[in-house]
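This report introduces the ligand site and the pockets of one protein model. The reader is invited to keep the sequence and the structure in view while reading.

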Amino acid sequence: MVLITGATGNYGKSTIDFLLQKGFSSSNIVALVRNEEKASGLKEKGIAVRVGDYDNYTQLVEAFEGIDKLLLISGSDMVNRDKQHQNAVNAAKEAGVNHIIYTSFERKNETETSPITFVSATHIATENCLKSSGLDYTILRNSLYMDMLPMFFGDKVVESGIFLPAGDTKAAFALRVDMAEATANILMTEGHENKTYNFSNSENVSIPEMAGIISEVVGKEIPYHSPSQEVYVETLTKANVPSEYIGMFAGFSAAIKQGEFTVENSDLEKILGRKPITAKEFLTKVYAS
Ligand code: NAP
């Protein structure tokens, strides 16, 4: 029996859909949700729904009863995630779960000097918690979702180009849907115990190269400006962008520039059994419409 947490979120839903498409029986899937009202679609697919919040340890122990493999999808509460993930790992252990598959995050710099420590610190702590739990684990070091690029570029790309302090370093972003399909493949097959996989694209593409792709799609030169961090923050602040977004965009851009997402070896293509969707395919689809 497999349990998927975050089953009403994008990654969880998509992983469940791939499991079903690939012939995994709905009667062997349990979905963990924190809001049952959002779970009607899952129930219609014949999936058992259990309610549990990462903040509620007792609820999690009950929800994890009888589960063999558990896909732990990282939570979205940036402040309390450490404790929440610890709760999930400890509850799984108490409930007798054998194997946890965890959606972690790609990084190179694990020190506090990393510009994305606000994201990576929790993932490092959860990976350590899993490794010391005594349970079998599989760590999926997911790349930055390629899906997020249009948000980073903003909605005035065609009018004014891309303004992002990301330099011209290449990165191998992958789409969430590809990572979810690879996750389904892992859940359906054996031999992934105590392994760490890097889920990134097979090719590295820089932001100026992406500007080139968008230019071809829209039939117009899309300029790319890579300002200093200071100028970027000042410009977005003057444009009244909320500070948490500015911090996130600036941090990820600095990480791109430092090569945090430049990848030599990815496991995604191998586990998918095909090439992941490329930046060119994705950007063409987004900007052609
Ligand atoms: P999402 O659509 O926001 O889904 C997150 C899921 O986690 C939702 O189902 C949510 O429940 C559930 N959740 C959050 N807090 C919870 C709690 N306290 N107890 C139980 N469930 C809880 O995000 P996604 O796109 O599927 O991505 C999955 C995760 O990847 C995110 O949560 C985040 O940690 C991480 N992420 C990674 C990237 C990347 O670039 N690699 C980007 C964004 C996020 P509800 O449906 O009730 O809200």
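Helices (H or I, at least four residues) and strands (E, at least two) are DSSP runs, and they are numbered from the N terminus. In this numbering, α11 gives the most to the lining of the largest pocket, namely four residues. The model discussed here is predicted.

**The largest pocket**

The largest pocket holds about 1,200 Å³ of space. Its lining is made up of 41 residues, of which S74, G75, S76, R81 and Y145 are the closest to its centre. Two or more lining residues come from each of α1, β2 (29-33), α4, β5 (99-105), α5 (117-131) and α11 (243-257). By class, the lining of this pocket comprises 17 nonpolar, 15 polar and nine charged residues.

**The ligand**

Where is the ligand found? The space that the ligand takes is the largest pocket. Around the ligand stand 22 residues, and those that come nearest are T8, K38, S74, Y145 and R176. The shell around the ligand consists of seven nonpolar, 10 polar and five charged residues. Both α1 (10-21) and α4 (81-95) supply at least two residues of this shell.

Which atoms of the protein lie close to oxygen atoms of the ligand? The table lists three such pairs.

| Residue | Protein atom | Distance to an oxygen atom of the ligand |
|---|---|---|
| N10 | side-chain N or O | 3.0 Å |
| Y145 | backbone N or O | 2.7 Å |
| R176 | polar side-chain atom | 2.7 Å |

Taken alone, the ligand exposes 880 Å², and the protein buries 83% of that area. Y145 and R176, listed in the table, are also among the residues that come nearest to the ligand. Y145 is, in addition, one of the residues closest to the centre of the largest pocket, as is S74.

**The second largest pocket**

How much space lies in the second largest pocket? The volume of this pocket is about 340 Å³. It is lined by 16 residues, and F152, F153, G154, F163 and L236 are the closest to its centre. At least two residues of this lining come from each of α6 (149-153), α7 (157-160) and α10 (229-238). The lining of the second largest pocket divides into 10 nonpolar, four polar and two charged residues.

Notes. Residues are numbered from 1 along each chain as its sequence is written. This is a predicted model: local features need pLDDT of at least 70, side-chain atom pairs count only at pLDDT 80 or more; totals for chains, interfaces and linings use all residues. Side-chain values use heavy atoms; hydrogens and water are left out. A residue is near a molecule or strand if one of its heavy atoms lies within 4 Å of it. A polar contact is a pair of N or O atoms within 3.5 Å; within protein, one must be able to donate a hydrogen and the other to accept it, and residues adjacent in sequence count only if both atoms are side-chain atoms. Accessible areas come from the Shrake-Rupley method with a 1.4 Å probe; for residues, only the protein chains shown count as cover. On a 1 Å grid over the protein atoms alone, a cavity is a set of points where a 1.4 Å probe fits but cannot get out, and a pocket is an open set with protein on both sides within 12 Å along at least five of seven lines; lining residues have an atom within 4 Å of a point. A molecule sits in a cavity or pocket if more than half of its atoms lie within 2 Å of its grid points. Ala, Val, Leu, Ile, Met, Phe, Trp, Tyr, Cys and Pro count as nonpolar, Asp, Glu, Lys and Arg as charged, and the others, Gly among them, as polar. Grid points are joined across faces, edges and corners, and a volume is the space filled by probe spheres set on the points.
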